[in-house]
Amino acid sequence: MNTRFVLSLLTLFFTVLGSFVQLQAEEANEKASQIETLVVTAEKKSADSQDVPITLSAFSEMNLNDSGIVKFPEIARFTPNVYMKQDTMIIRGVTQYMGTKNSAVGIYQDGVSLPFDGMANFDLFDIERIEILKGPQGTLYGKNCEAGVVNIITKQPGNEFGGKIVGEYSWYDTEFGTSPGYIVSGNVSGPIIKDKFYMGLSGKWKDDDGYMKNEYNGDEEAGKHDVYTGRLNLRWTPLDRWDIAFLVDTMNEDYGYASFRYLTGTLNKGRHIVSHDGPYSGERNGDGQTLRLKYSGDKFDVLSITGRRYAKSDVDYDFDMTSIPSYAMLSYFDDESTLISQEIRVSSIEGNSPFQWLTGVYAFDEDMKIYQEKDFPSSLTVRDTDVDNFGYALFGQGTYTFIDRLHLTAGLRYDFTDFKGEQRLTVQEDVSVYEKDFHDSELLPKCSLAFDFTNNIMGYTSVAKGYLVGGYNFKYSTNMNNLTYDPEYTWNYEVGMKSAWFGNRVIANISAFYIQMTDKQVIEWDTSSQSVSVKAIRNASDAHSLGVELELQARPFEGVDIFAGLGIIEAEIDDWISTEYDSSTGNSYQYDYSGKRLPNVPDYTYNLGIQYRHLSGWFCRVDWLGTGSVYSDAKNTAKEDNYQIINLRLGFESENYDIHLWCKNLFDEDYLQVRFASSTSADQGFDGYPRMIGVTYTYRF
């Protein structure tokens, strides 16, 4: 879709909408027609989302339910310039290479950092709010975050007893028939001792057959996804000044790993069809414990968050993705990680003082074990890697308000990480053991300026330094020299405006950004090795991303809500010349990546939705979600075309129960989630979701 056309269409839409809202303003009920803005804790204090000088998207429990979001990756479709690729989140074009254990996006659940994607539970339940913050946020958060932060805030128990039970039946409309799925979830919370001790308990069970079929053995659950997860929340308020919480959660996920297929050539079996004669299973499980102590003082507040996270995953799959016996390439991957963290924050109390501040210290210790086995016809290669990371950070940020309208913010973070790693490499019967220790440290400043032009219009600008730590090349390394890689850096510049119009019937936010990336971590062929199959991770690239974002909400009259979001981005490599190999000849050559688009960054994303909620309880909503073209490789040879999907939701809602009939990808758009190009064989990838139809029943008590 032409970007200029999309901009023109949305501009016309907003102009007509604004005129319509203005005509309706005097006739509509004043209070019912106002949009309720969400209170967020993006800056570690409660504030109206429209008063926070950060580009952020916030989703309440009602927002999630209305839009039918039940899995974390679905949130990206409703957030401009945010994209999910293989459970990895990319914000504003700031990407990490696929497979790293260091995420450019900081994911936090109830204040505890989940340092890599495998620790996060992507099935959402019992959620109070989710916030997505764009740009570096290290001056306010414990663990560093280069591209942005995702805050997942679960519901906290209190004096009010209540709960709900949710049952869902759905099916995929696939080429080989319908494929069913079932979900049962629920939660209950309330006081054990009124005003003193409270408990919340929640859980979710999902049995999903998926939408892939293995033609080789007739298995129609080759892409299944089964999940069992639960959470316990104990809260104690012994005195008015103290709020103490202990949270425990656990998760087990069992899934079919037969999603990848051949997209071209004679091995292409068609959409959602594979032919695997080897294993294709995966399992992921984990648990976490969090102790949060909050003290509210007369002059300052103190918060302590102690966390432990454990995650383990196993993947056993048919690497050649065929039923041809002569190929017989198998792969097994097992990783296990335990993280213990401690964060202490001291902050000013929320009051009338023009100076608000926060300072904190964060420390963590992480132990990772990564085992990878590749059994190919000509060789067996095993890499067994042990990594221990210890780190700490000192951070702080302060905001001073002049003349009640001008807000100057400055912050600084010192980040230190110490790495100790060892790898045992076995090729056939040859064994090599090598190790390397190193450390990273960095000062990360941030400064922003915000001005309240009126009570409903705020402009802001900011500059911040981002940083992604180095790590270990656990997938490809062959010796000490190519075992590790160094940090990458970004400078982020942003200007934006948040505004409310027509008596809070229209909320319009716009921002523009420029990000300069240096020493970017990339994968190259290792020219120092004797084997052309060896790859190294190096800091060899400079790049940039430049873009604009627009989010709009409107309530032209009571019961009708309109949502729109648009993100346009140019993300390109500025400087990267690499030595490449021609596998057909064995010769090397120089390749210049300059001017190529960064992989895994769509050139635009948009969402447009309208919903109607009648006083009688009837509800309907339509969402139009679009994603621009994406390249999966730095050479820009593997292109995933732009696509758009339509979601529909109809239902009846009452005080105690809801029932919704829904459809995702209504017109069964054929699109790819991943594509890999090959110069010697057929392209590979996996398909997007087909049409999915379901019914959800919710009972509240």
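**Fold, strand pairing and side-chain packing in the predicted model**

Tyr604 and Tyr606 are both buried (under 20% relative accessible area, with over 50% termed exposed and values in between partly exposed, for a 1.4 Å probe and protein chains only). The structure is a predicted model, in which local features require pLDDT of at least 70 and side-chain atom pairs count only at pLDDT 80 or more, whereas totals for chains, interfaces and linings use all residues. Residues are numbered from 1 along each chain as its sequence is written, and side-chain values use heavy atoms, with hydrogens and water left out.

The secondary structure of the protein consists of two helices and 42 strands (DSSP runs numbered from the N terminus: H or I of at least four residues for helices, E of at least two for strands). The radius of gyration, taken over C-alpha atoms, is 25 Å and lies close to the 27 Å given for 701 residues by the globule rule (2.2 Å times the number of residues to the power 0.38), so the protein is as compact as a globular protein of that length. Along the principal axes, the C-alpha atoms fill a box of roughly 75 × 55 × 55 Å. Of the 701 residues, 54% are buried. Contacts (heavy atoms within 4.5 Å) between residues at least 6 apart in sequence join residues at least 24 apart in 66% of cases.

Strand pairing (at least two DSSP bridges between two strands) connects β14 (residues 225–236) with β15 (residues 242–256) in the antiparallel sense, over 12 bridges. These two strands form a hairpin with five residues between them, and Leu234 has Phe246 of β15 as its bridge partner. Strand β15 is also joined to β18 (residues 280–296) by 15 bridges, again in antiparallel orientation; here Asp243 stands opposite Lys294 in β18. An open sheet of three strands has the order β16-β41-β40, with antiparallel pairing. Its edge strands, each paired on one side only, are β16 (261–262) and β40 (672–676). Between β40 and β41 (residues 684–687) there are four bridges, and Gln684 in β41 is the bridge partner of Phe676.

Aromatic rings of Phe, Tyr and Trp (its six-membered ring) were taken as paired if their centres lie within 6.5 Å, with planes under 30 degrees apart counted as stacked, over 60 as edge-to-face and the rest as tilted; this rule gives 36 aromatic pairs. Tyr108 and Tyr141 form a tilted pair, with 5.2 Å from centre to centre and 55 degrees between the planes. This pair links distant parts of the chain, since Tyr108 belongs to strand β6 (residues 105–109) and Tyr141 to the loop between β8 (127–134) and β9 (148–154), 33 residues apart. Tyr108 and Tyr141 are both buried. Tyr604 and Tyr606, by contrast, form a stacked pair, at 6.0 Å centre to centre and 15 degrees between the planes. One aromatic cluster is made up of Tyr255, Tyr257, Tyr317, Phe319 and Phe376.

Two lysines sit over ring faces (NZ of Lys or CZ of Arg within 6 Å of the ring centre and within 35 degrees of the ring normal). Lys635 lies over the face of Tyr591 at 4.7 Å from the ring centre, and Lys664 over that of Trp662 at 5.4 Å.

Asp561, in strand β31 (residues 560–575), counts as buried because its relative accessibility is 10%. A polar contact of 2.8 Å (N or O atoms within 3.5 Å; within protein, one able to donate a hydrogen and the other to accept it, residues adjacent in sequence counting only if both atoms are side-chain atoms) joins the side chains of Asp561 and Arg555. Excluding residues up to four places away in sequence, Asp561 touches Ala554, Arg555, Gly609, Ile610 and Gln611.

Strand β29 (residues 506–525) contains Ile507, which is buried at 4% relative accessibility. Outside its neighbours within four places in sequence, Ile507 contacts Ile35, Thr37, Gln50, Ser499, Ala500, Glu551, Leu552 and Gln553. The C-alpha atoms of Ile507 and Asn456, 51 residues apart along the chain, are separated by 9.3 Å. Asp519 also lies in β29; its phi is near 55 degrees, a positive value in a residue other than glycine, and at 34% relative accessibility Asp519 is partly exposed. Positive phi, near 70 degrees, is likewise found for His272, in the loop between β16 and β17 (273–274). His272 is buried, with a relative accessible area of 0%.
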